[in-house]
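Me: I'd like a close look at a single part of this one: the place where the two chains meet. Could you walk me through it and then follow the thread into the chains themselves?

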Amino acid sequence: MEELIQFTLNGKPVQLRQDSDRMLLWVLRTDLKLTGTKYGCGESLCGACTVLVDGEAVQSCQTTLKEVQNKSIVTIEGLAQNGELHPLQKAFMNNDALQCGYCTPGMILTAHALLAEHPNPTEQQIIDAMEDNLCRCGAHKRIIEAIRMAAKEMGGQKHEK
Amino acid sequence: MKNDDHLDFDFTEGFIDSPLSRRKFLKIFGGGIFIFMTVGEMPAWAQEGSGRPSRPALPTDFNAFLRIGEDGRVACYTGKIEMGQGVVTSLAQMLAEELDVALESVDMVMGDTDLCPWDMGTFGSMSTRFFGPPLRAAGAEARQVLLELGAEHLKLPADRLAIENGVIYERANRNNSVSYAQLTQGKKIARHASGKVPLKSPDQFKIIGKPVFRRDAYAKVTGQAKYAADIQLPGMLYARILRPPSHDAKRISLDLAAAKQIAGVQVIEDGDLIAVLHPYPDVAEKAISLIKALYDTPTSGLNEETIFAHLLKVAPEGESVGENGNLDQGVQQAATTFEQTYLDGYKAHAPMEPHSAVVSVEGDKATVWPSSQTPFRAQTEVAKALGIPAGNVRIISPFLGGGFGGKSANRQVVEAARLSKLAGKPVQVAWSRQEEFFYDTFRPAAVVKIDSGIDPNGRIAFWDYHVYFAGERGSLHFYDIPNSRTAAHGSGWGSEPGTHPFATGAWRAPANNTNTFARESQMDIMAAKAGIDPVAFRLNHLSDEKMRRVLQTAAEKFGWKPAAAPSKRGYGVACGMDAGTYVATMAEVAVDPDSGKITVKRVLCVQDMGLVINPQGATIQMEGCITMGLGYALAEDLRFTGGTIHDLNFDSYEIPRFSWLPRIETVIIDAPNEAPQGGGEPAIVTMGAVIANAVFDAVGARVLQLPVTAQRVKEKMG
Ligand code: FES
Ligand code: FES
């Protein structure tokens, strides 16, 4: 059903008159031209499309516009602040935690939600949080190292979701 | 059954107009110094197997070139592409080294058919291995030209000059200098690399061999990196294409009415191609689901279990890959013989980025952004589909979200081209995950039969090896065996119709995963029977110094203590050779005695790959191989009935996850004076065998079929 949808996207207000059953992934990628959020499976099975909705890691391929009404959304494009990369982005670079890079946005945002919840995650907490994010290139080992480094960098403090 | 058709694509067709000549390239670019070079063998049919006739219209004397522009920047133009393997970094490193310029001043222009000379495609380990030596030679040659120009300019003999960061200066007086940029101003010098200028020796290296970070990382962590499906053009439509439920299905009815009802949807019917187009991909998706089509699907008895008997039945005679000694004599000498059959099912490539392409056809010209490992092949295919000269098609290669051999056929590119022409607008075809699984060119199901024997002293007396349909890569053993024969029956792809129920193709280190699994399992079976430690048993049969060294290094770093298997420790070993690289891998596993479930605790891999250009990049490739290899070793096995594929998403087709991750250690043997070998694939070939052997060592269960699943382990545990 067509309705007025409003949310905050990477800190800026967005208003759309759209079929509210459309999936957020396609609206982000097509209508809003933010292609950093990737399609990998369409069924919440791979994590490539992960974005933050009110700080929670959410699979945008299975999230309707209706569900994000009045919420705050952060995509990979919105993570850097004033040109300064987020510690997770830096840690992914410094640890070479990517190869083809297709899974990377989803990995970084899932890790972001993890660190909001557990600023000093144990190995098991990292694995549990990242388990449903798939990477075919096999960058897993370095992704775990990058998350650890970012946690350290961020001082193990609870941060804003 | 349609089989491998697109992989049988004839490269001799379709070069409708002559590809860009040297003169044409020189016309495109302004001034500068150009060094043309040949990478690998030209024409490079060699990469795809023999028997392809060459054709004179191809440029046979170069397939890459180097340009030092009038701004002093260095650019390398190549039809190779970056698909996650890091070549954009390692190739730039080599150039910067030989040219004495900063790494930052080197640009790699890859996979753009308007700017780059023809190239066969990017296949796994090929890039650094084949590119390395000629690229360095071209760099050295360019440096030589510049040095001569510098000497002339400074009016000094070359031996009194030195070069640093693209500046030539007098050794005795650093201020007396001239930069590459100054020297190239207003000049146009073209040469073909002669290969006569000496390369730097390893002790002179400042950039090669030093770890550097990926050049593409920033774009990839910020979401700026563009993959094919991220390309959006004004007026572009997203297509969804009607797909059959099975590769054998014949459509018997079609009802497009409901799809046509959706506002803004354009329905296209062009022979076999039925598609819906819309400015939103999700609306196109909805429209395609409203098309009612009925199919006749013949049922064939083939499935993931019956396929092996079928393959043996249709297998052609074997072709000899290698032979030595006298097999009959060997059999006479054997005290114990071992006759085993190894099985390996179909595996999907499953890159995280599904196949996609954007094509804009305007008049008799087309611009294409594909996810493809073979941009020049895509160019030819698009030209053929549109009936225009290949030169009118420009392929621009965006980032590739994983290839692993699976993005060599360009079906989606041709689909997008046809639809763009018919719609009169730019069209994006981005496959769903289901389409990705359905149209994959799977790693072929294969059988290996080995008959071997040991004499009373525990020495291998004979070895008779037959591989069916995996292909011959990696089938030759490297052990000291007095009497042996290796034969390949059929190859991995391009098989006769009726062989496989769907298309098959190259999968990271094609054929070698299957062959290494079989060979290294057989080695362990013999060692166990002889009561000899599996590492010692291998060393007893190894005189190849490189293989000895990787194996001994692995044993040392792993802390391997000799013991005959099963030792209950859960230790496994496997050796392999791929793309000129030597690998020895060791693993430790735990097996749950009730369920047979395997936990891989540790994997250590030692690799000798000659000169290492970028050790950091090579290490990452090894880690990637180990992690990806866990998938085919433990879980991946495509389920199907005839041409109907049952695994269509990641819920049932399992690929490695974070919780599977063992402790991974990698060691690269330092061999700076050797030619660089492939690094993108070798480590993966040992993964099946090392896990199977470790499982046997843990619980005495010998699984002869990949993947080594809990259920198969349980069955063998009895
Ligand atoms: S695309 Fe959403 S989880 Fe895979
Ligand atoms: S880096 Fe390629 S899928 Fe993760």
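Reply: Here is a walk from the interface into the chains, bearing in mind that this is a predicted model.

Let's start with who takes part. Chain B puts 60 residues into the contact and chain A puts in 50 residues. Together they bury about 4,600 Å², with carbon and sulfur atoms giving 57% of that area. On the chain B side, Val221(B), Met352(B) and Phe658(B) supply 19% of what chain B buries against chain A, more than any other three residues.

There's plenty of polar business as well. Seven salt bridges are counted between chain B and chain A, and one to zoom in on is Glu623(B) with Lys141(A), whose closest N and O atoms sit 3.4 Å apart. Across the interface, 32 residue pairs are in polar contact. Which elements of chain B give two or more residues to this side? They are helix 5 (217-221), helix 7 (281-289), helix 12 (433-438) and helix 16 (615-634). Helix 16 gives the most, with eight residues. By residue type, the side of chain B that touches chain A splits into 31 nonpolar, 16 polar and 13 charged.

Now follow helix 12 inward. Glu435(B), which belongs to helix 12 of chain B, pairs with Arg240(B) in strand 9 (residues 237-241), so this link ties together distant parts of the chain, 195 residues apart. The pair is a salt bridge, at 2.8 Å from N to O. Are these two partners buried or exposed? Both Arg240(B) and Glu435(B) are buried. They don't act as a lone couple either: salt bridges with shared partners join Arg240(B), Arg243(B), Glu285(B), Arg411(B), Glu415(B) and Glu435(B) into one network.

Two other pairs are worth a click while you're at it. In chain B, Asp216(B) and Arg214(B) form a salt bridge with their closest N and O atoms 2.9 Å apart. Asp216(B) is buried, because its relative accessible area is 5% and the cut-off for buried is under 20%. Arg214(B), at 11% relative accessibility, counts as buried too. Over in chain A, Arg22(A) and Asp31(A) meet in a salt bridge at 2.9 Å, N to O. Here Arg22(A) counts as buried at 5% relative accessibility, whereas Asp31(A), at 22%, counts as partly exposed. Over all chains, the whole structure holds 46 salt bridges.

Last stop: helix 15 of chain B. It has 14 residues (545-558), which should span 20 Å at 1.5 Å a residue, and its end C-alpha atoms are indeed 20 Å apart, so expectation and model agree. At the start of this helix, a side-chain oxygen of Asp544(B) reaches to within 3.0 Å of the backbone nitrogen of Lys546(B). Just after helix 15, Gly559(B) takes a positive phi of about 80 degrees. In between, the buried residues are Met547(B), Val550(B), Leu551(B), Thr553(B), Ala554(B), Ala555(B) and Phe558(B). What do they pack against in chain B? Their neighbours there are helix 14 (534-540), strand 23 (571-578), strand 24 (581-591), strand 25 (598-608) and strand 28 (663-668).

Note on methods:
Residues are numbered from 1 along each chain as its sequence is written. Chains are lettered from A and ligands numbered from 1 in the order in which they are written. This is a predicted model: local features need pLDDT of at least 70, side-chain atom pairs count only at pLDDT 80 or more; totals for chains, interfaces and linings use all residues. Side-chain values use heavy atoms; hydrogens and water are left out. Contact means heavy atoms within 4.5 Å. Buried area is the accessible area (1.4 Å probe) that two parts lose on being put together, summed over both. A salt bridge is a side-chain nitrogen of Lys or Arg within 4 Å of a carboxyl oxygen of Asp or Glu. A polar contact is a pair of N or O atoms within 3.5 Å; within protein, one must be able to donate a hydrogen and the other to accept it, and residues adjacent in sequence count only if both atoms are side-chain atoms. Helices (H or I, at least four residues) and strands (E, at least two) are DSSP runs, numbered from the N terminus. Ala, Val, Leu, Ile, Met, Phe, Trp, Tyr, Cys and Pro count as nonpolar, Asp, Glu, Lys and Arg as charged, and the others, Gly among them, as polar. The expected span of a helix is 1.5 Å times one less than its number of residues. Buried means under 20% relative accessible area, exposed over 50%, partly exposed in between (1.4 Å probe, protein chains only).
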